[in-house]
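Please look through the sequence and the model together before reading on. The questions and answers are meant for someone meeting this structure for the first time.

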Amino acid sequence: MTNDINSRRLRLGMVGGGRAGSIGGSHRAAARMDGHWEIVAGVFSRDAAASADIARSLYIEEARAYRDHADMAQCEAARPDGIDAVTICTHNDTHFDIACAFLRQGIHVICDKPLTTSIEKARALVERTAETKVLFAVTHTYSGYPMVRMAREMIAAGELGMIRSVQVEYASQYQAAGVGEDDWQHDPQRSGPLGVVAGTGTHAHHLAEFVTGLRVESLAADLASLVEGHRLDDHAGMLLRFENGARGLLWNSTVAPGNENGLRIRVYGSRGGLEWDQEHPNHMRFTPLGGQSTVLSRGGPAASAQARRATRVPAGHPEGYLEAFANIYSDIAAAIRIPNRRSGDMTFPTVLDGARGVAFMFAALRSAQENGRFVSLAYGAVGA
């Protein structure tokens, strides 16, 4: 069996991703889509029998269905055909310990957001990643959409001029009727001290920074739990201040009926503006200052280089969430196969992006606790 990563599929392990939620299936489908990965090992549930059953359904050999993540990290590192990377899709409070176990073994890490439930742990993961020199990716999936990447290119090329205003929102309805007592996203022990801000607000924050190329320097936040029984925030409104002086608004809610997965961004500059909506991801509206609005299409003749690279089928054939997710996995695979690519401007989010997401979460929490005053996102070396 060859171990040359350029002549075989990369071997992927998974911690979490059981049948209780949809995210594990999304990770597996995305990883397999472009043929770069094969799933060969995992701990899919705290219940050993359930984990083994999932492993069998994925045609994973019995010896590689492990009892816990520590055993998996140690055993896979010792195998000549061990995993190249691990995907972590577990409850927020477990990310840090699981990631550390695989970092110690020199195994690349792909982690769901939020990265951790504390700034100290986020900083520690950044430092440990630098020490081990492995790749650490965070799955802010929406940065994988072709039109999102095109928006980023257009702004970087100056087509919108000086960015003045950014409006980003992530609204959904899935908690509007309340949640059961066993919903981990409203359990502070498993989710951490934040609810909607950690769950989907971090996506909105990352999208704003990814598309504009600008960092949010400070924010003022109003957080609330509007549905009876919710122990953590289910609604957030924020004012954002970007490093170039631009201003922004961020609205984040899981209690907005009529919104299924309403992630949307609008960016306005001195030369024009653009708008993109995740529920209609194949199109983006661009308006040059004083000119006619144009709807740009994924796969269309005006598509940018990054958008074309992230596109699989011709215009008019819809692409969506799984394809965007697959773009993240394919970019990670390319970075693992060609390590020197990691020193450049990587398209996929890294541990640094994940750490900024944690800084965003806790800035919002602190601001809300202090009656909405502006709070800086910087937190030591990682906030630079």
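What follows is a short set of questions and answers on cores, helix pairs and backbone details.

Q: What kind of model is this, and how are its residues numbered?
A: Local features in this predicted model need pLDDT of at least 70 and side-chain atom pairs count only at pLDDT 80 or more, while totals for chains, interfaces and linings use all residues. Side-chain values use heavy atoms, with hydrogens and water left out, and residues are numbered from 1 along each chain as its sequence is written.

Q: Which helix gives the largest share of the largest nonpolar core?
A: A nonpolar core is a set of buried Ala, Val, Leu, Ile, Met, Phe, Trp, Tyr and Cys residues joined through side-chain atoms within 4.5 Å, where buried means under 20% relative accessible area, exposed over 50% and partly exposed in between (1.4 Å probe, protein chains only). The largest such core has 84 residues, and F102, F136, V197 and M238 have the most contacts inside it. Its largest share, nine residues, comes from a helix (a DSSP run of H or I, at least four residues, just as a strand is a run of E, at least two, both numbered from the N terminus). That helix, spanning residues 351–369, is α11.

Q: Are α5 and α11 roughly parallel or roughly antiparallel to each other?
A: Axes are lines fitted to C-alpha atoms, for helices over the stretch in contact (heavy atoms within 4.5 Å), and angles run from 0 to 180 degrees between N-to-C directions. The axes of α5 (residues 119–132) and α11 come within 9 Å and cross at roughly 170°. Angles under 35 degrees count as roughly parallel, over 145 as roughly antiparallel, 65 to 115 as roughly perpendicular and the rest as oblique. The two helices are therefore roughly antiparallel.

Q: Which residues of α11 meet α5?
A: On the α5 side, the residues that take part are I119, A122, L125, V126 and T129. Their partners in α11 are V351, L352, A355, V358 and F362.

Q: Where does P114 lie, and is the peptide bond from K113 to P114 cis or trans?
A: P114 lies in the loop between β4 (108–111) and α5. The peptide bond from K113 to P114 has omega near -10°, and it is cis.

Q: Is K133 buried or exposed?
A: K133 lies in the loop between α5 and β5 (136–138), and its phi, near 60°, is a positive value in a residue other than glycine. With a relative accessible area of 65%, K133 is exposed.
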